[in-house]
Amino acid sequence: MSFTKRKFAPRRKYCRFCENPEIPLNYKHPEVLNDFVTDRGKIIASRITGTCAKHQRAITREVKRARQMALMFYTATHSTDVLKKSRI
Amino acid sequence: MMTRYEELLLMSPELGTDECHEIVNNLSAIIEREGGSIIKIDDWGVKDTAYPVRKFNRGHYVRMEMNLPTEAVAEFERNVRITDGIFKFITVRLPKIAEEA
């Protein structure tokens with residue numbers, strides 16, 4: 001009953017904003033931020049997306065600003081398109 | 001001491017273009033009065049909001065970029081809060097662009 005310790009080999013994750021600094025990282029471009037948010041609207045951890053700490057802090061700040069300005073929703077349950085679907 | 005700010009305004013979609021211009025002009029007048037200056041105003045038009053804001057699923061976004069003395073921001077925001085056409089607003093300090101020589 002020995003289980004071989006399978007070594008989990010993740011593909012090398014890299015910080016997208018370090019690789020390509022031109023990507024606009026601010027609340028005015030929610031389509032960029034949406035890659036770092038789950039479909040329920042939660043911010044994805046940097047250990048999963050591989051972003052570095054500096055940019056992860058920036059992402060968090062910008063996502064919270066975008067949420068405040070209704071450019072991104074806080075949770076999917078109250079998002080406009082979900083409400084529209086439920087009304088049909 | 002002048003600092004560069006960016007102000008994003010979320011206004012009611014029912015505002016006609018003239019009311020919207022009137023609000024923006026009022027705010028620009030306030031900025032001038034406070035000794036600031038407008039760099040740019042771009043109007044994103046009426047967009048769908050991610051969640052209903054005051055029972056509206058759409059909102060009129062206007063972005064104002066301006067130079068403002070730091071102590072005048074509170075006064076400016078007080079005026080924005082008074083204006084009833086504006087639902088949400090956010091003031092963001094922009095990094096100082098390298099002063100042209």
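## The main core

Which residues have the most contacts inside the largest nonpolar core? They are A:Phe17, A:Tyr27, A:Leu71, B:Leu8 and B:Leu10, and the core they belong to has 26 residues. Please keep in mind as you look around that this is a predicted model.

Several elements give two or more residues to this core. From chain A these are helix H2 (30–33) and helix H4 (53–68). From chain B they are strand E1 (2–11), strand E2 (37–53) and strand E4 (86–93). H4(A) provides the largest share, with 4 residues.

## B:Leu8 and its neighbours

B:Leu8 is a good place to start exploring, as one of the residues with the most contacts inside the largest core. Leaving aside residues up to four places away in sequence, B:Leu8 touches A:Tyr27, A:Met69 and A:Leu71 in chain A. In chain B, B:Leu8 touches B:Trp44, B:Tyr61, B:Val62, B:Arg63, B:Lys88, B:Phe89 and B:Ile90.

There is also a second, separate core of 19 residues. Among its members are B:Met11, B:Val62, B:Leu68 and B:Val73.

## A buried glutamate

Is B:Glu77 buried or exposed? B:Glu77 counts as buried because its relative accessibility is 18%, and the cut-off for buried is under 20%. You can find B:Glu77 in helix H2 of chain B, which covers residues 73–82. Not counting residues up to four places away in sequence, B:Glu77 touches B:Phe89 and B:Thr91.

## Where the two chains meet

Now for the contact between the chains. Chain A brings 17 residues to this contact and chain B brings 19 residues. Between them, the two chains bury about 1,500 Å², with 62% of that on carbon and sulfur atoms. Three residues, A:Met69, A:Ala70 and A:Thr80, supply 38% of the area that chain A buries against chain B, more than any other three residues.

How many salt bridges are counted between chain A and chain B? The count is 1 salt bridge. The side chains of A:Lys28 and B:Glu6 meet in a salt bridge, at 2.5 Å from N to O. The two chains also have 11 residue pairs in polar contact, counting pairs with both residues at pLDDT 80 or more.

## The chain A side of the contact

On the side of chain A that touches chain B, H4 and helix H5 (80–87) each supply at least two residues. H5(A) gives the most, with 4 residues. By type, the residues on this side of chain A divide into 8 nonpolar, 4 polar and 5 charged.

Note on methods: Residues numbered from 1 in each chain as written. Chains lettered and ligands numbered in written order. Predicted model: local features only at pLDDT ≥ 70, side-chain atom pairs only at ≥ 80, totals over all residues. Heavy atoms only, no water. Core = buried A, V, L, I, M, F, W, Y, C linked by side-chain atoms within 4.5 Å. Buried < 20%, exposed > 50% of the residue type's maximum accessible area, 1.4 Å probe, protein only. Contact = heavy atoms within 4.5 Å. Buried area = accessible area lost by both parts, 1.4 Å probe. Salt bridge = Lys/Arg side-chain N within 4 Å of Asp/Glu carboxyl O. Polar contact = N/O pair within 3.5 Å; in protein donor to acceptor, adjacent residues only side chain to side chain. Nonpolar A, V, L, I, M, F, W, Y, C, P; charged D, E, K, R; others polar.
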